[in-house]
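Here is a short report for a reader meeting this structure for the first time. It moves from a single hairpin to whole chains, and then to the places where chains meet.

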Amino acid sequence: MNTIHITLGILLGGAILTYFANKIAGIVRDIIFISTLLVAAVLFFVKMTPDTIANFNLGDITLTLSLSHFGLLFSIIILGLGVLAGTYSLPYMKGKDNLGFFYMNFLLSIFGMLGIVMANDWVSFFIFWEIMTWSSYLIVVYNGKDTNKIGIKYMLFSALGAYSMLTAIVIAYSQIHSFSIEALMSQFTQLSVSYQIAIPLLFLIGFGVKAAMMPLHVWAPDAYSNAPMSYTSMFSGALSKMGIYGMIIVFVNMINYLPHNTVWREVFAWLGATTAVLATIWAIFQDDAKKLLAYSSVAQLGYIITGVAIGTPLAMIASLFLAVLHGIFKATLFMAVGAVEYRTGTTDMTVVTGLIRKMPWTFLAALISAIALAGIPPIAGFVGKWMLYESLITNGNYILVIAIFFSSTAAFLYVYKLLYNLFLGQEEPEFENVKEAPALMVIPMLILSGFSIFLGFLPGYLFKYIDNALVVMGFPVSEGKWWQMSAIFNGWGNKVSVDLVLYTVITVFVAIAIILFYRWKNSHYVTTKDISLSGEVPKEDENYSFKLDFFKPFERAISPLLKYKIETYYKGFASGMEAFFDFVRRIYNGNAQIYAIYVITFLVILLLFANYIFTV
Amino acid sequence: MEEIKNKIYQRLTEAFPEITEHKLDFPYNRLDVKIPKNKVPAILFYLKDEMGFKHLVHITCVDWIEEEKFELIFIVWSPKEKVKVFVRTELDRNNPVMDNIDMIWRQANTYERELREMFGIQFEGLVAPKEFILEDWDDIPPMRRDFDTEAYAKKRFFERPGREDAKDVRQTIAERTGESLPDFAKKYSR
Amino acid sequence: MVNDKNSQKIVDIIQNFARKHSLFVLAYGTGCGAIEIPPTMTSRYDAERFGIRGAATPRQADVLLITGYLTTKTLKRVIRVYEQMQDPKYVIGFGSCTINGGMYWDSYNTIKVLDKYLPVDIYINGCMPRPEAVIEGFIKLQKKIAEGRADGAKQYKENFEWYRANQKKVLGPTTPHIQEYNW
Amino acid sequence: MDILIKILGAVATIIIAFVVGMLYGGLNRKVTARVQNRVGPPFWQNYLDAFKLVSKKTSIHHGVMQHLGPAFLMVSSIGTLLFIPILKGNNWFPNLSFHGDLIFLLYLMVFGSLGLALGAGQTGNPNSAIGVTRGLSQMVGFEIPWVMALVAIMIQYHTTSIADIMHVQEVHGWLMFQKPFAFIAAILAMFGMFRYSPFDIVGAPAELASGPVSEFGGKYLGLMMSSGSIFAFVKLTLYTDLFLGGASNFIELLVKTFLLYMIPVSYGLVSPRYRTEQAVRYFWGWPSFFGLLAILYSVIF
């Protein structure tokens, strides 16, 4: 018994207890849920030492778990976000039915993710991966409309990923007779060429599904927007990072040793960049705030995939920084949209308007996170983006830089669309009585946006962890070469001192504020109905906010591209997928019995080949 | 031109024996017919669908106050024949009610709104906002001849001394007497 | 120091100098006189050399030009626009119609004396005044500003009740509320 | 003491940028007037306008973002100003130019656009939001050739620092001639950056009532005007540093920036107005082609 056992035990036990506490009383369930999270997180961060090893014996197979510095970085995202999103979901989920089920799955997915980052062998990796997938699947279909279709999409892609991953594991075991991750890494170079290509490819398909990489992203926008926002903040912030986690392992330990690895890198970097560009364009034309953020998540994951695929030390630092930061700001944005939904009942951006005076703190959190997303200094998003650009330029990927830059600039459009439509614009009498979200929802958002600002001028605190993680992966120590506590460097020795940026910005800002607030009383507040409109006064029931066809000029400008890309490729792809789903629906028909039979069949098949797999 | 007008008139009288008056000797291409008001939609339909008068030029009104009548005039135009037909009808001035014809020409709606507001003619079944040009009008409709616009203006608006009538302004300025204004306002009116 | 009377005077002189030479005219054509503005602004007469330029919205404008007759319907909008402009602001009545009704002296929907409804700083006579006359009017206004006498907005604020009563009288009792004046 | 001198230097830079930017704005009006066969306003007209706007007695606001919008704009302008070297060799008001690089500046420069967009959004005026969507779309358009030009320079000389690029030009000659394609792409992108005709649909006064700024008056507008002037100076100095070899003294800087400034101004004088999608497609057409050519040139040579 050591800390790993205890932490995982607490999470698993807590999950089950929460489910049954629901039968007793709501308050008991809430207390058990949040205390499970808190105790697990505190125990983990206080007691956990990286060299702890825990063994679980399952029959003949021994599952080995231990925490490396690399896993520690990801477990910070998982547990930190888990605690905050858990706090957030207490008021957010209040009044929904079947809450014990939701909270159980919430805890189980954290349990699964924590298991993944500590897994030392592929069996436990796969088991925890499936726990994570299933629990998130159950939350995706937990409520909302059209759950059948969305759930099947998610399940299909997850199954595709899981089985390709399983195949890779089985192949690897058949060759090296060990499930250990390290064994595969160390003996990878001795495998035959076909296996050297097949294993990473299958793994990358598996991880690419979770990271919503370009051809495999189809499930993501629907699943992200359909899950309750309190979970989506984790789904997009932490769960998708498991795909990145796996990808880094594959790229660093396998593809590095391949003879033509630059081709692999280029291909996957371009897949990431395409994901970023296309998802950004789709995000611009969404009218639902959740959908917009979902597509935006896909786009941001595209940057991270690009960075991982490039794989230079600077790119790795950049993508790991972006991975953590994406967890922070995207979670905040999902939480803010959730807060809006909680108070107004809808996230349709053509309906909600003018909430800034009603929900100022939510707006503040959303604003800071949006600036972080757009990558504008002095908020932390800039640091990650800068390093990514520099790594691409210094590595010679010039066109890739343009693509990423286009996606990043176009991100301003959807960021503005989100902020304007939800919070700015004319106020609507319908939302007259909207209040600020409850404190338990606002505080997690503000804490997270505080991190965004903090990492903006002292990114070194996070770089330290990233450095430790990368050292584990075999990269040289990068402190001083790529970063200092508040300065970042590129390969050519140019630097940006981010703390000076912040000081400058604050100084100028204060000076301007003094000028603006001088003779404060001469500036009067007028309502948003009091606008200069050729002398007309909008009537009470008229709202002149600009809502529909928000980026029509831009849409017209890129219409040839849209026609080419979306109409032919995406629709064709989607309809092809739909046809495929129609076929698959006979298998996944929503009937639990059939699923059980399916699982049993799979186990039987597994047992039939057991000799080959386990004993050879 | 005369033959065309005669031919049109012949066809109209055959279809509508109710036509009471007509006048063909206007110069150029104008042709006038007068018809009771219950036949107006029918004749307009006929003109549009059977005879190619596709364009509604105007709907207007004349106030015959001495005869206690409003005369409504529908002007239609045939681009093929190059002929204008004036369809006149008379309404009782004390109860000016007319059938709505905006199902024949959509643009008739606008003219009808104007007539409703300026002459007080009610079009039965007209679907349109209440106000057209005037806002908050509280007097009799202003285009009626018994509406005294000068008296109304005198009653309603302030007036600069010396501009009570249509006399030459320079003359009245020469004879100007004092104005009854508050002191501050004097400063701003000269 | 700012409260000191003499220094306040100096500040006023400087501010008035700037105001005088930078008149943003609201492009809000009310009557036929609006057609005289393009030649005034463009190459032939070039009002920009006096610092006069157009502004698109009342928030940015200093001068409200009432270019010609004002129907009651337009008056409502003009009052609204005037109240949206920021202090200091000036009104120029343009053409005979604003002075005494002009050719619309007996019209049932055209006001005749503008200064009962809005504080007019300068009237420009004529039907229509030519661009030379318009520029002359602007120069008169500049002179008034420099002398500190163009305080129409102040008068409007101080005698707001009187102006509002006049406006109510002509706009009718059923006038939908004009939004409260927010100084 | 050292820090005090630095602060004084920074303040002096800001004042110079303000004065020069305003002067250029006035000269722009004068030149426009002369081309249209007018006398035009005196060249100090913009100072009077700004002073008058700031000294307006009252102003209105629709909420907190309307204060923050101009403030963001000013932060962006001044921040960018402080992070670029004004004169060659950094011997004169170096400010913070050692602490930032080109990509950093790219992002700091768009900070103001986003701030203005948010401020305009708060007012609730539909014209503002329409103008903002046009402006942001146009921005996505001209950033592409601009970034291509910058990438071409960066990969040619293996640096992202402006000071290094200026130093390179002392050795190799002006980049304007060394990398003509990059220069063409950057100049074409500059048309969009300055938002003069034909790319002035963002604030088209006749149809959008001056677009994003339509609810801003008084001190807000005055601040925006000042910030715009500073920003114009910043952009011109940046172009001078990157392509015209920087300037070793102040007169040289003035001459170079003024000549550069006259390019978009004179192009705007003879151009009608593009619609937004035309503008975006324009930037993704020939300017981007030249940008790609520049990158290709850098890769090959």
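## A hairpin in chain B

Strand β3 (residues 55-64) of chain B runs antiparallel to strand β4 (residues 69-78) of chain B, and 9 bridges join them. This is a predicted model. The two strands, β3(B) and β4(B), form a hairpin with 4 residues between them. In the turn, B:Glu68 has a positive phi of about 60 degrees. One pair of facing residues can be picked out: B:Ile59 stands opposite B:Phe74 in β4(B).

Strands of a sheet pair through backbone hydrogen bonds, and the pairing is either parallel or antiparallel.

## Chain B as a whole

The hairpin sits in a chain with 6 helices and 7 strands. Along the sequence, the elements of chain B follow the pattern α-β-β-α-β-β-β-β-α-β-α-α-α. Chain B has 190 residues, and 21% of them count as buried. Take the contacts in chain B between residues at least 6 apart in sequence: 49% of these join residues at least 24 apart.

## Chain A as a whole

Chain A has 23 helices and 6 strands. Of its 616 residues, 55% are buried. The C-alpha trace of chain A spans about 85 × 60 × 55 Å along its principal axes. How does the radius of gyration of chain A stand against that of a compact globule? For 616 residues, such a globule would have a radius near 25 Å; chain A has 24 Å, so the two agree. Among contacts in chain A with a separation of 6 or more, residues 24 or more positions apart account for 80%.

The two chains can be set side by side.

| Chain | Helices and strands | Residues | Buried residues | Contacts joining residues 24 or more apart, among those 6 or more apart |
|---|---|---|---|---|
| Chain A | 23 helices, 6 strands | 616 residues | 55% buried | 80% of contacts |
| Chain B | 6 helices, 7 strands | 190 residues | 21% buried | 49% of contacts |

## An open sheet in chain A

Chain A holds an open sheet of 3 strands, in the order β3-β4-β5, with antiparallel pairing. Why do β3 (483-484) and β5 (495-497) of chain A each have one side without a neighbour in the sheet? Both stand at the edges with a single partner strand each, so one side of each is left free of a neighbour there. Strand β4 (residues 487-489) of chain A pairs with β5(A) in the antiparallel sense over 3 bridges. A:Phe489 stands opposite A:Lys495 in β5(A).

## Where chains A and D meet

Which chains share the most contacts among the 4 pairs that touch? They are chains A and D. Here 57 residues of chain A are in contact with 64 residues of chain D. Several elements of chain A give two or more residues to this side, including α15 (381-395), β5, α19 (498-517) and α20 (552-557). The largest share comes from α16(A), with 12 residues. By type, the residues on the side of chain A that touches chain D divide into 40 nonpolar, 14 polar and 3 charged.

Strand pairing also crosses between these chains. β6(A) and strand β1 (residues 59-61) of chain D pair in the parallel sense over 3 bridges. A:Tyr525 stands opposite D:His61 in β1(D).

## A helix of chain D

Helix α4 (residues 102-122) of chain D has 21 residues. From its first C-alpha to its last, α4(D) reaches 31 Å, close to the 30 Å expected at 1.5 Å a residue. Is α4(D) mostly covered or mostly exposed? It is mostly covered: 21 of its 21 residues are buried. Just after α4(D), D:Gly124 takes a positive phi of about 80 degrees.

## Where chains B and C meet

On this side, 20 residues of chain B are in contact with 24 residues of chain C. Helices α4 (149-156) and α6 (183-187) of chain B each supply at least two residues to the side that touches chain C. α4(B) gives the most, with 5 residues. The residues on this side of chain B divide into 10 nonpolar, 2 polar and 8 charged.

## Chains that do not touch

Chain B does not touch chain A; their nearest C-alpha atoms are 13 Å apart. No contact joins chain B and chain D either, and their closest C-alpha atoms lie 22 Å apart.

Methods. Residues numbered from 1 in each chain as written. Chains lettered and ligands numbered in written order. Predicted model: local features only at pLDDT ≥ 70, side-chain atom pairs only at ≥ 80, totals over all residues. Contact = placed C-beta atoms within 7 Å. Nonpolar A, V, L, I, M, F, W, Y, C, P; charged D, E, K, R; others polar. Pairing = 2+ DSSP bridges. Expected span 1.5 Å × (residues − 1). Buried ≥ 20, exposed ≤ 12 C-beta atoms within 10 Å, placed from the backbone. Rg over C-alpha atoms; globule rule 2.2 N^0.38 Å.
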